[in-house]
Amino acid sequence: MSKKLYDMSLEELWKIFPIFLVEHNDEWKTWYNDEKANILFLIPNEKIYRISHIGSTYIPTIWAKNIVDILLEVKNNEDLKFVKDILLKNNWLCMSEDEKRISMNKGYTEKGFAKRVFHLHIRLDGDNDELYFRDYLLENFEIAKEYEKLKLSLWKKFEHNRDAYTESKEEFIKKYTEIAKKKYGIIY
């Protein structure tokens, strides 16, 4: 009998779910729209402030992990728990949580990734720096390609260490998120 995902160490999980990058896939937009519809079917409208497609799968000019990132903003802390509880009953896994943020995944199986994989970032409304970074990359081709180059350089080095891969991108992301916030002002 195979080990359950929640019984595995990070090292075991990273072996089954390595970092991998692929060329942009136009289907990611459909995946997002389908999963957004599923979430909106499960969660009452009054609990949701905004739902957005974020991450590299949104940017059509760069390579990305074959995982669609979704940002779900809720209105208050009670809604965080409410949303988490409903999604846990509907094939989502809770990967981490604190009092203001919850990260959930869908499409992770004991045998590896399913055909469609999602990361859902549940946050309080206004905790949405990813929107600034996303839109800045979308409007600045050269910076998007620079980000892609960074990710490609980290891929094999951190193929089995998701935390190190993410941490190695933080400085770049923070830099351009701050530039975007200054450029756009408070729009989200």
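In this predicted model, E73 and R50 form a salt bridge whose closest N and O atoms are 2.6 Å apart. The two residues belong to distant parts of the chain: E73 sits in strand β2 (residues 68-74) and R50 in strand β1 (residues 48-54), with their positions 23 residues apart in the numbering. E73 has a relative accessible area of 0% and is therefore buried. R50, at 22% relative accessibility, counts as partly exposed.

## Salt bridges

Side chains of opposite charge can pair when their charged atoms come close. How many salt bridges does the model contain? The count comes to 14.

Another of these pairs is formed by E97 and K84, whose side chains meet with an N to O distance of 2.7 Å. Because E97 lies in strand β3 (residues 93-97) and K84 in helix α3 (residues 77-88), this pair ties together parts that are 13 residues apart in sequence. Is K84 buried or exposed? At 13% relative accessibility, K84 counts as buried, because the limit for that class is under 20%. Its partner E97 is partly exposed, with a relative accessible area of 44%.

A third pair joins D127 and R123, the closest N and O atoms being 3.7 Å apart. Here D127 is partly exposed, at a relative accessible area of 23%, while R123 counts as buried, at 5% relative accessibility. Both residues also belong to a network of salt bridges that links R101, R123, D127 and E130.

The table gathers the three pairs described above.

| Salt bridge | Closest N to O distance |
|---|---|
| E73 with R50 | 2.6 Å |
| E97 with K84 | 2.7 Å |
| D127 with R123 | 3.7 Å |

## The sheet

The strands that carry some of these residues are part of an open sheet. In what order do the 5 strands of the sheet stand? The order is β1-β2-β5-β4-β3, and the pairing is mixed. Strands β1 and β3 are the edge strands, since each of them pairs on one side only. From one strand to the next, the twist averages 20°.

Two of the pairings illustrate the mixed character of the sheet. Strand β2 and strand β5 (residues 112-124) run parallel and are joined by 7 bridges. Within this pairing, L72 has I122 in β5 as its bridge partner. Strands β3 and β4, on the other hand, pair in the antiparallel sense over 4 bridges. A hairpin of 3 residues connects β3 to β4. E97, already met as the salt-bridge partner of K84, stands opposite I102 in β4.

In a regular strand the side chains alternate between the two faces of the sheet.

## Helices on the sheet

Helix α2 (residues 27-42) packs on the sheet and touches β1, β2, β4 (101-109) and β5. The direction of α2 makes about 60° with that of β5. Helix α4 lies across β1, β2 and β5 and runs at about 35° to β1.

## The contact between α4 and α6

Besides lying across strands of the sheet, helix α4 also meets another helix. The axes of α4 (residues 129-139) and α6 (residues 162-184) come within 8 Å and cross at roughly 85°. Angles of 65 to 115 degrees count as roughly perpendicular, so α4 is roughly perpendicular to α6.

Which residues of α4 take part in this contact? They are D129, Y132, F133, D135, Y136 and E139. On the side of α6, the contact is made by F172, I173, Y176, T177, I179, A180, K181, K183 and Y184. By class, the contact has 9 nonpolar, 1 polar and 5 charged residues.

One of the contact residues, I179, can be described further. I179 has its place in helix α6, and at 31% relative accessibility it counts as partly exposed. The C-alpha atoms of I179 and L137 are separated by 11 Å, although the two residues are 42 residues apart along the chain.

## A residue with positive phi

Most residues other than glycine have a negative phi, and most peptide bonds are trans. N91 has a phi near 75°, which is a positive value in a residue other than glycine. Where does N91 lie? N91 is in the loop between α3 and β3. With a relative accessible area of 65%, N91 is exposed, because that class begins over 50%.

Definitions and conventions:
Residues are numbered from 1 along each chain as its sequence is written. This is a predicted model: local features need pLDDT of at least 70, side-chain atom pairs count only at pLDDT 80 or more; totals for chains, interfaces and linings use all residues. Side-chain values use heavy atoms; hydrogens and water are left out. Axes are lines fitted to C-alpha atoms, for helices over the stretch in contact, and angles run from 0 to 180 degrees between N-to-C directions. Angles under 35 degrees count as roughly parallel, over 145 as roughly antiparallel, 65 to 115 as roughly perpendicular and the rest as oblique. Contact means heavy atoms within 4.5 Å. Ala, Val, Leu, Ile, Met, Phe, Trp, Tyr, Cys and Pro count as nonpolar, Asp, Glu, Lys and Arg as charged, and the others, Gly among them, as polar. A salt bridge is a side-chain nitrogen of Lys or Arg within 4 Å of a carboxyl oxygen of Asp or Glu. Buried means under 20% relative accessible area, exposed over 50%, partly exposed in between (1.4 Å probe, protein chains only).
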